[in-house]
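User: I'm new to reading protein models and I'd like to understand the words people use for them. Could you walk me through some?

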Amino acid sequence: MPAPVTSPPPPGPAPADGSATAIGSVPADGPAPATGSAPEHGAAPVGTGTPTPAPAPAPAEGQPARSPWPRFAVLVAILGAAAGSLLLWSPTALLDGGLSHGMPWYWRGPLFAAVYAVGTVAFFPRPALNAAAGLLLGLQEGLLLAVLGTTLGAAAAFGLARWLGQDALRRLLRGRVLVALDRRFTDQGFRSVLLLRLFPGLPFQAANYGAAVSGVRFGSFIGATALGVVPVTAVYVAAAATAREPGSTGFLLSVGALGLLGLATLAQVGRAAARRRRTVTD
């Protein structure tokens with residue numbers, strides 16, 4: 001027996017605006033979004049021209065925030081071991097014994113730069129390393145390798161402090177002075193590091209770790225260090241290279257420059273002390 005023929009349901013009433021879409025029908029591209037729904041992250045709210053920044057991702061439930069103090073403890077252990085190792089070896093003694101006797105010439109430069117860099121990380125005085133460079137290598141080669149070793153040592157110290165200690169040390173920043181210094185290093189990194197290298201009043205290692213805690217970029221730090229240490233390093237290397245001729249013009253000029261550096265250091269320390277007293281009284 002054939003199935004009964006059924007007629008299709010009558011179409012709904014036409015909309016008032018004359019369009020062909022029936023009331024209650026679904027558009028071809030999907031249902032319309034509900035009115036008042038929240039915009040997606042990063043989408044511009046209605047009536048504004050700037051996008052809303054996406055919120056920071058919350059830590060996963062059940063996973064506590066990672067503490068920076070274990071890494072900081074590793075940094076302190078590394079620096080303490082490096083400084084304590086100077087009781088067992090001396091960079092200047094190693095350079096004097098290893099580079100001047102029985103060492104092939106092509107190993108002399110890389111070994112000197114490496115020993116200089118390790119000595120810098122281990123808080124060994126840079127004037128002694130610069131003097132060793134002048135005595136062993138002369139003015140030109142000694143200056144080149146001393147600047148190279150200084151830059152490598154500063155890069156190693158900066159990398160260690162930035163990777164292991166920045167998160168912990170930034171939590172210890174207190175006071176307007178430290179906040180202002182951090183802002184200056186972040187906004188004017190190259191210029192700030194360059195000024196620190198040109199003035200010998202601040203310890204070299206302190207500048208390395210202080211810059212690593214701030215927001216200065218690695219490239220700006222390295223470039224300013226390599227450029228800023230040249231004048232002071234040249235004075236020490238030249239003084240040591242010409243020490244065998246105390247009456248030479250080079251030696252006298254080097255000694256005079258060392259005296260000027262000493263006066264500049266004292267003036268810088270006095271100015272910093274006066275500024276600190278004004279800050280305390282205010």
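User: What makes the crossing of H4 and H11 right-handed?

Analyst: Happy to help! This is a predicted model, and in it H4 and H11 cross in a right-handed way. A crossing gets that label if the near helix is turned clockwise from the far one by less than a right angle.

User: Why are H4 and H11 called oblique to each other?

Analyst: Look at the angle: their axes cross at roughly 50 degrees and come within 7 Å. Angles under 35 degrees count as roughly parallel, and 65 to 115 as roughly perpendicular. The value of roughly 50 degrees fits neither class, so H4 and H11 are oblique.

User: Which residues make the contact of H4 with H11?

Analyst: From H4 they include Arg126, Pro127 and Asn130, and from H11 they include Thr233, Tyr236 and Val237. By class, this contact has eight nonpolar, three polar and one charged residues.

User: How do you know that H5 and H11 are oblique to each other?

Analyst: The axes of H5 (residues 139-164) and H11 (residues 230-241) cross at roughly 140 degrees. Roughly antiparallel needs an angle over 145 degrees, and roughly perpendicular covers 65 to 115. Neither fits roughly 140 degrees, so the pair is called oblique. H5 also passes H11 in a right-handed crossing.

User: Which residues of H5 and H11 meet?

Analyst: Leu139, Gly142, Leu143, Ala146 and Val147 in H5 meet a set in H11 that includes Val230, Thr233 and Ala234. The residues of this contact are nine nonpolar, two polar and no charged.

User: Why is Thr225 said to be buried?

Analyst: Buried means under 20% relative accessible area. Thr225, which is found in helix H10 (residues 218-228), has 0% relative accessibility, so the word applies.

User: What makes the link between the side chains of Thr225 and Arg197 a polar contact?

Analyst: The cut-off is a pair of N or O atoms within 3.5 Å, and this pair is joined at 3.3 Å. Leaving aside neighbours within four places in sequence, Thr225 is also in contact with Thr151, Ala154, Val193 and Phe204.

User: Is Phe123 buried, exposed or partly exposed, and why?

Analyst: Partly exposed, because its relative accessible area is 38%, which lies between the 20% and 50% limits. Phe123 sits in the loop between helix H3 (105-121) and helix H4 (126-137).

User: What is the phi of Phe123?

Analyst: Phi of Phe123 is near 65 degrees, a positive value in a residue other than glycine. Most residues other than glycine have a negative phi.

Definitions and conventions:
Residues are numbered from 1 along each chain as its sequence is written. This is a predicted model: local features need pLDDT of at least 70, side-chain atom pairs count only at pLDDT 80 or more; totals for chains, interfaces and linings use all residues. Side-chain values use heavy atoms; hydrogens and water are left out. Axes are lines fitted to C-alpha atoms, for helices over the stretch in contact, and angles run from 0 to 180 degrees between N-to-C directions. Helices (H or I, at least four residues) and strands (E, at least two) are DSSP runs, numbered from the N terminus. Contact means heavy atoms within 4.5 Å. Ala, Val, Leu, Ile, Met, Phe, Trp, Tyr, Cys and Pro count as nonpolar, Asp, Glu, Lys and Arg as charged, and the others, Gly among them, as polar. Buried means under 20% relative accessible area, exposed over 50%, partly exposed in between (1.4 Å probe, protein chains only). A polar contact is a pair of N or O atoms within 3.5 Å; within protein, one must be able to donate a hydrogen and the other to accept it, and residues adjacent in sequence count only if both atoms are side-chain atoms.
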